[in-house]
Amino acid sequence: MSALPEWADPAVPENDLDSQGLSRRGILKRAGLFGAAFAATTAVPATVPAAASSATNPDPELVYLVGDHHVHTQYSHDAKYTLSQAARRGAQFGLDWMVLTEHSNVGHGNLGAAQEHADIVTARAENPRLLIFQGLEWYIPGAEHATVFTPPGDHEADVLRQFEQSFDGKLLARTEGTAANEALAVAALEWLAAQKASGYLDDALVLANHPSRLGIDSPHEIRAWRDAAPGIMIGMEGAPGAQGAALPGLRGATSIRGEYENKPSAQSHPGYPLDAYVTYGGFDWMTATVGGLWDALLAEGRLFSITTNSDNHRTVHDTLRNGDYPAGSGFDSLGKVPDPVETGVEQPGSDFWPGQFSRTHVGVTRFGHREVMAGLRAGRVWVDHGQLADGIDVRLSSAHGHSATLGGRLRVRRGERITLTVTVDSASRPNYHGVVPRLAHLDVIRGLVTGRPPVDRDSWRAPDTRVAETVDVSRRSGRYTVRIPLGKVTASGYVRVRGSDGKRHGAGLLGAGIDPHGPIAHTPGDGDPWLDTWLYTNPIFIDAV
């Protein structure tokens with residue numbers, strides 16, 4: 001197999017590419033990263049300026065770049081791959097961008113972060129078509145984890161190191177769910193915003209990781225993080241990594257996709273039901289529940305994005321084991337674990353390689369680190385598992401010809417009719433499981449926007465959100481467009497789209513009247529992720545005037 005995805009490989013003719021591949025090759029050409037122009041260069045510029053249309057047009061033509069914001073290497077105490085190995089695999093499995101997110105640790109903060117940065121600089125030169133970010137998996141004081149990352153720049157490693165040593169719940173022993181620790185988490189996000197405002201840091205983004213896994217990310221904490229640093233704390237993992245955790249026979253009879261195998265503890269938010277502690281079609285309860293917490297956040301009228309990623313530590317069916325530390329050494333003294341060693345024998349693991357199963361698609365107009373961050377901030381995001389579709393384009397339009405795409409806002413008069421247009425590029429080749437996926441149905445999920453915060457900041461319900469339309473697309477293939485009239489606008493709201501392969505579904509967690517065929521939990525120990533794949537898009541908001 002080529003080390004490059006097909007659209008980046010000059011040996012692959014354009015006639016063999018799907019439409020998304022063609023658009024991605026086009027953006028490489030415009031950035032000087034393809035063909036003869038690229039052959040003459042050895043490095044990628046740190047950034048490519050955004051096209052003017054990205055800033056001025058609310059509905060630009062987009063190219064969706066595929067990425068993963070949650071990847072570990074040997075600079076995490078519980079992972080094993082070299083950074084070079086992770087980057088090569090990401091490129092092999094079709095990523096355009098990836099974020100290295102090492103766990104906070106004494107060894108990482110004192111030694112590993114600086115060594116990792118040197119490796120990242122090398123990896124950027126070795127993989128010029130892969131946008132590599134240095135990040136951190138932050139132990140949020142009093143809560144779960146989060147991805148924190150910045151674009152390449154003079155202070156990228158320094159700011160992350162300062163952040164880790166000043167605000168990490170694990171390093172500071174601030175893990176309990178106290179008011180003081182919650183305040184420290186807010187202060188951390190405000191500090192990042194201040195670094196950006198001062199010009200010391202070009203940019204920063206934060207996304208909550210596996211938010212329901214332990215039940216300790218309460219609704220009021222998530223709202224507090226979002227409110228503390230708008231535009232920096234932009235969302236959460238809609239689906240966690242570790243999607244191979246429940247492959248039959250791999251980890252035992254109690255295993256769950258995402259390693260969501262916990263029960264409520266004394267630190268868990270008491271308002272969460274037991275349903276919150278497992279995944280549904282591989283997606284976190286907060287996202288999978290129509291009318292649940294994600295929708296409750298959206299109903300306040302503010303964007304909160306979802307992503308999916310590998311959280312790669314140890315890949316399923318891999319035969320590499322951790323190397324051995326030199327005598328008298330350990331992670332804290334070296335800042336990393338030794339290089340992995342080939343055994344020829346399958347080793348324990350729950351994860352897929354970056355891009356192998358989970359993909360976050362970000363809409364951009366130019367190629368570059370900052371452009372990916374701008375696309376994430378704007379919410380031009382859709383996610384899928386198992387390469388369920390080559391591409392999806394979602395547009396909401398008014399009768400007067402105005403339109404908006406994912407993450408955007410459509411301003412319309414009350415009584416004006418609106419139409420949702422969904423263009424799908426069907427999967428055109430086998431996925432990394434060896435089958436050609438087939439999208440079976442599209443669900444249009446619609447909710448009202450109150451425009452105000454809830455009286456109870458621990459509320460997780462959006463009672464006005466439900467599946468408004470379902471379209472059977474099981475007999476369609478290639479590129480096709482579905483136009484769905486949504487009637488006259490009577491109030492502000494939002495629309496989002498969900499789809500699946502149709503193999504496993506049932507009544508949603510809040511009832512069939514709200515979600516007639518949503519994702520369902522699998523039997524513990526029997527959750528082959530390739531047999532239950534879904535895609536979700538970010539919302540488009542409707543501002544009624």
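Helices in this tour are DSSP runs of H or I with at least four residues, strands are DSSP runs of E with at least two, and both are numbered from the N terminus. With that in mind, select Ala 173, which is found in the loop between helix H6 (156-167) and H7. The model on screen is a predicted one, and in it Ala 173 has a positive phi of about 55° although it is not a glycine. The residue is exposed, with a relative accessible area of 66%.

**The whole protein**

Zoom out before going on to the next selection. The protein has 12 helices and 21 strands. Its radius of gyration is 22 Å, close to the 24 Å that the globule rule gives for 545 residues, so the protein is as compact as a globular protein of that length. Taken along the principal axes, the C-alpha atoms fill a box of roughly 75 × 60 × 55 Å.

If you colour by burial, the buried residues make up 60% of the 545 residues. If you draw the contacts between residues at least 6 apart in sequence, 78% of them join residues at least 24 apart. A surface display shows an accessible area of about 19600 Å², of which 53% belongs to carbon and sulfur atoms. For the charged groups, the mean positions of the 50 positive and 62 negative charges are 7 Å apart.

**A second positive phi**

Now select Gln 387, found in the loop between strand E11 (381-385) and strand E12 (389-398). Its phi is near 55°, which is again a positive value in a residue other than glycine. Is Gln 387 buried or exposed? At 9% relative accessibility Gln 387 counts as buried, whereas Ala 173, as seen at the start, is exposed.

**Helix H4 and the loop before it**

Move to Thr 82, which has its place in the loop between strand E1 (63-71) and helix H4 (83-92). At 14% relative accessibility, Thr 82 counts as buried, the cut-off for that term being under 20%. Leaving aside residues up to four places away in sequence, Thr 82 touches Thr 73, Gln 74, Asp 339 and Pro 340.

Extend the selection to H4 itself, a helix that is mostly covered, with 7 of its 10 residues buried. Those to highlight are Leu 83, Gln 85, Ala 86, Ala 87, Gly 90, Ala 91 and Gln 92. Which elements do they pack against? The buried residues of H4 pack against E1, strand E2 (97-103), helix H5 (106-126), strand E3 (131-139) and E8. Beyond the helix, stop at Gly 94, which follows H4 and has a positive phi near 90°.

**Tyr 325, in the loop after E8**

Since E8 has just appeared among the partners of H4, continue to Tyr 325, which is found in the loop between strand E8 (320-321) and helix H11 (331-334). At 31% relative accessibility, this tyrosine counts as partly exposed. With residues up to four places away in sequence not counted, Tyr 325 touches Gly 330, Phe 331, Leu 334, Lys 336, Val 337 and Pro 338. Show the backbone of Phe 331 as well: its nitrogen lies 3.5 Å from a polar atom of the Tyr 325 side chain. For a distance across the model, draw a line to His 69, which is 256 residues from Tyr 325 in sequence and 29 Å from it in space, C-alpha to C-alpha.

**Helix H8**

Select residues 219-228 next, the 10 residues of helix H8, of which 7 are buried, so this helix is largely enclosed by the rest of the structure. Its buried residues are Pro 219, Glu 221, Ile 222, Arg 223, Trp 225, Arg 226 and Ala 228, a list that includes charged side chains, among them Glu 221 and Arg 223. To see what surrounds them, show helix H7 (179-198), strand E5 (205-209), strand E6 (233-239), helix H9 (285-288) and helix H10 (293-298), against which the buried residues of H8 pack.

**Last stop: Thr 465**

Finish at Thr 465, in the loop between strand E16 (441-448) and strand E17 (466-472). This threonine is buried, with a relative accessible area of 1%. Which side chain does the side chain of Thr 465 join through a polar contact? The partner is Tyr 494, and the contact is 2.9 Å. Beyond residues up to four places away in sequence, the residues that Thr 465 touches are Val 290, Gly 291, Asp 295, Ile 445, Arg 446, Gly 447, Tyr 494 and Ile 514.

How values were computed:
Residues are numbered from 1 along each chain as its sequence is written. This is a predicted model: local features need pLDDT of at least 70, side-chain atom pairs count only at pLDDT 80 or more; totals for chains, interfaces and linings use all residues. Side-chain values use heavy atoms; hydrogens and water are left out. The radius of gyration is taken over C-alpha atoms; the globule rule is 2.2 Å times the number of residues to the power 0.38. Buried means under 20% relative accessible area, exposed over 50%, partly exposed in between (1.4 Å probe, protein chains only). Contact means heavy atoms within 4.5 Å. Accessible areas come from the Shrake-Rupley method with a 1.4 Å probe; for residues, only the protein chains shown count as cover. The place of a charge is taken as NZ of Lys, CZ of Arg, CG of Asp or CD of Glu. A polar contact is a pair of N or O atoms within 3.5 Å; within protein, one must be able to donate a hydrogen and the other to accept it, and residues adjacent in sequence count only if both atoms are side-chain atoms.
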